[in-house]
Amino acid sequence: MIGSKETHEGRFPALTLVIGGARSGKSSFAERLAAGSGRPLRYVATAEALDDEMKARIARHQADRGDNWLLVEEPNDLSAALAAAKPEEAVLVDCATLWLSNRLLAGADIGAETKGLLGSVALCSASLVIVSNEVGWSIVPENALARSFRDAQGRLNQALAAKADLVVAIMAGLPIVLKGALPDHHET
């Protein structure tokens, strides 16, 4: 048992939060962690390919992951994506930051959206690995929208971390365990 929740398969956490800065290596770490669970893999992608650069970035991520993942592209309705997950799966959500940005730009009630996501995380029967960005280590943004996003991201990260069995920060590609313990199968 890690944290306060029962783990799936006895050793793999029910909820893991992998957090770090941009290009820190958090996605590749989260992918290796989920793949090491030995479970069928489901990848819930929240990015949208709105320009050529993002299309290329998404294609690189897909090529790096390989074909062992069931891909679900869901930029807005994470609750539905989590409800569709199967108990035997390891589900990687990459990432909570893009989901939050999508919802904020859509004019959604971020408090209600966050509450809904946290409820869906609690009800999800699969093992979850959620990737999120740490955006609060920089200067205070100059505009209200950016400050609102930074504040909402900080609150979301805190709420996910509070519920998670395992929280791993990634800096320069290296994992720093903030809460819980890495599964026995994982190599750093």
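Two strands count as paired if DSSP finds at least two bridges between them. Keep that in mind as you work through this predicted model.

**Exercise 1. Find the strands that pair with β1, and name a bridge partner in each.**

Step 1. Start with strand β5, residues 127-133: β1 and β5 are joined by six bridges and pair in the parallel sense. Within β5, valine 131 is the bridge partner of valine 18.

Step 2. Now turn to strand β6, residues 166-171, which runs parallel to β1 and shares five bridges with it. Here isoleucine 19 has alanine 169 as its bridge partner in β6.

**Exercise 2. Decide how well β1 is covered: which of its residues are buried on each face?**

Step 1. Take the strand as a whole: β1 spans residues 15-20, and six of its six residues are buried.

Step 2. Split the strand by face. Leu15, Leu17 and Ile19 lie on one side, with Thr16, Val18 and Gly20 on the other, and both sides are covered.

**Exercise 3. Describe how helices α5 and α6 pack.**

Step 1. Two packed helices are described by the angle between their axes and the distance between the axes. For α5 (residues 110-123) and α6 (residues 144-163), the angle is about 20° and the axes are 11 Å apart.

Step 2. Angles under 35 degrees count as roughly parallel, so α5 is roughly parallel to α6. Their crossing is right-handed.

Step 3. List the contact residues: α5 contributes Ile110, Thr114, Leu117, Leu118 and Val121, while α6 contributes Ala152, Leu156, Ala159, Leu160 and Lys163.

Step 4. Sort them by class: the contact has eight nonpolar residues, one polar and one charged.

How values were computed:
Residues are numbered from 1 along each chain as its sequence is written. This is a predicted model: local features need pLDDT of at least 70, side-chain atom pairs count only at pLDDT 80 or more; totals for chains, interfaces and linings use all residues. Side-chain values use heavy atoms; hydrogens and water are left out. Axes are lines fitted to C-alpha atoms, for helices over the stretch in contact, and angles run from 0 to 180 degrees between N-to-C directions. Helices (H or I, at least four residues) and strands (E, at least two) are DSSP runs, numbered from the N terminus. Angles under 35 degrees count as roughly parallel, over 145 as roughly antiparallel, 65 to 115 as roughly perpendicular and the rest as oblique. A crossing is left-handed if the near helix is turned anticlockwise from the far one by less than a right angle, and right-handed if clockwise. Contact means heavy atoms within 4.5 Å. Ala, Val, Leu, Ile, Met, Phe, Trp, Tyr, Cys and Pro count as nonpolar, Asp, Glu, Lys and Arg as charged, and the others, Gly among them, as polar. Buried means under 20% relative accessible area, exposed over 50%, partly exposed in between (1.4 Å probe, protein chains only).
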